[in-house]
Amino acid sequence: MNLTQRYQLSLALLTDMYQLTMAQGYWKKGMADQEAVFHLYFRKNPFKGGYTISAGLADALDLLQNFRFAEEDLVYLKSLKGSKGQPLFEDGFLDHLRQLQFSCDVDAIPEGTVVFPNEPLLRIKGPVLQCQLLETPLLTILNFQTLIATKAARVVDAAQGDRVLEFGMRRAQGPDGALSAARAAFIGGVGATSNMLAGQLFNIPVKGTHAHSWVMSFDEEQDAFSAYADVFPEDSVFLVDTYNTLEGIKKAIEVAQRMRENGSELKGIRLDSGDLAYLSIEGRRMLDEAGFPEISILASNDLDEHLIQSLKLQGARIDTWGIGTKLVTAYDQPALGGVFKLAAIREQGGTWEYKLKLSEQLIKVSTPGILQVRRFYKGNVMVGDMIYSEPLQINEAATMVHPNDPTQQKSFSKECRHEDLLVPVIRGGRTVYTSPDLPAIQERTKQQLSSLHETYRRFLNPHIYKVGLERQLHDMKMELIIELRKTEQSKEA
């Protein structure tokens, strides 16, 4: 089920107020139909990592394809007042919104792609008024899902082939946070979710065990396990740490023996507290000695990629990981920090005027142009990404310049295999791209990460992947910066 179906609303007001006040400004000043190009990108990899996984495009496309102002939206806008009690939005502007039909061209990087700072995840070209209205909803969708998909990929990497489950709904930032996180976590490589609504909406496999309250509802822990096995003879996983973990494992084994006598098998035990390394090692020994080497040991309890990595180094015998709070909330970095910047504008049919945002911080200076990202490979391994402006194309040298240090440059030979990452997804307001299903996107994530050298995937001080500006684009950007600096200095003189 897609985004607009989930909400049954127009979603045109899923935006910030200043987008609408700017839109009225464009309309009032006769600029509404000026053609503009905006790029959506982020400035730093999250979690101090070496890569990011793009996610959220399917929801973004659904929002764009269904973008309209419903009558109830316009009634609400008409009710808003300015500081002196006057209508904030003019009737003529509201009529403009009433008749507005989305007509932009959109290019985007497919979900499940490994991406890096400053690379446009999405490029939107069309009437500036329309583009401006879409800044906030596009950011809120792509920022969050990209963040969670990246966190999930890191957790799955740490698990080294073990199964990873998403158990975070109860700690998520509300219902939509839980649903979007479940979707994005699956893109990142998680095998299943405990979120039943996400399972229904997105066809993600669902998994779960039982809570401590089930055990506490019985006079004896063993009775609780036996009762659960009676209800689910083929799908039981016992939570064994309600009172004493090692004693709980002993009782689980006793129940597992009776289950086997009755023709069924215990699937697993879950550890949710204590020294997970020690308890899993002891639990594995006890299960193996009792003749149950196939029983899985699942662990939960505020896990993330760093704790999983540590437990692995300690020799923990855990084979399934239930990840909750620290995955769905992106606990150590709760926002991606994506931005949406104007890069070019023109009168219809005219010449493009390239735009950039200046800043005292070089990292915050935006890049002008109509941008595309070209990825180069050596064999099947990614070796560098070049951001170039399509009107300028790429000259034969294929040289890119580091965005913050022009002394660092890298060239690619003609024989170097490459691909352009941004693909057409909407033309003239109509979708021309079919989003793959979630298993296919998850598989893309896996394939992409397999093409990324392990030095970029490590958690501590990862190597910095090479991303640069095509030389002509870099030179154009520098010229614009110098020109704008001179203009500002002349005003101050």
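A charge sits over a ring if NZ of Lys or CZ of Arg is within 6 Å of the ring centre and within 35 degrees of the ring normal. Keep that in mind for the first two views of this predicted model.

**View 1. K151 lies over the face of F47.** Here the distance to the ring centre is 4.7 Å. That value fits the 6 Å limit given above.

**View 2. The charged end of R417 sits over the ring of Y377.** This time an Arg takes the part of the charge, and the distance to the centre of the Y377 ring is 4.1 Å.

**View 3. W27 and F93 form a tilted aromatic pair.** Searching the whole structure turns up 11 aromatic pairs. In the pair of W27 and F93, the centres are 6.0 Å apart and the planes meet at 50 degrees. Where in the chain do W27 and F93 lie? W27 belongs to helix 2 (residues 17–28) and F93 to helix 5 (residues 91–99), so the pair links distant parts of the chain, 66 residues apart. F93 counts as buried because its relative accessibility is 0%, under the 20% cut-off. W27, with a relative accessible area of 25%, is partly exposed.

**View 4. Y228 and F232 make another tilted pair.** Their ring centres lie 5.1 Å apart, with 50 degrees between the planes. Is Y228 buried or exposed? Y228 is buried, at a relative accessible area of 10%, whereas F232 is partly exposed at 38%.

**View 5. Ring pairs join four residues into a cluster.** Look for W214, F218, Y228 and F232, which are linked in this way. You have already met Y228 and F232 as a tilted pair.

How values were computed:
Residues numbered from 1 in each chain as written. Predicted model: local features only at pLDDT ≥ 70, side-chain atom pairs only at ≥ 80, totals over all residues. Heavy atoms only, no water. Phe/Tyr/Trp six-rings, centres within 6.5 Å; stacked < 30°, edge-to-face > 60°. Helix = DSSP H or I, 4+ residues; strand = E, 2+ residues; numbered from the N terminus. Buried < 20%, exposed > 50% of the residue type's maximum accessible area, 1.4 Å probe, protein only.
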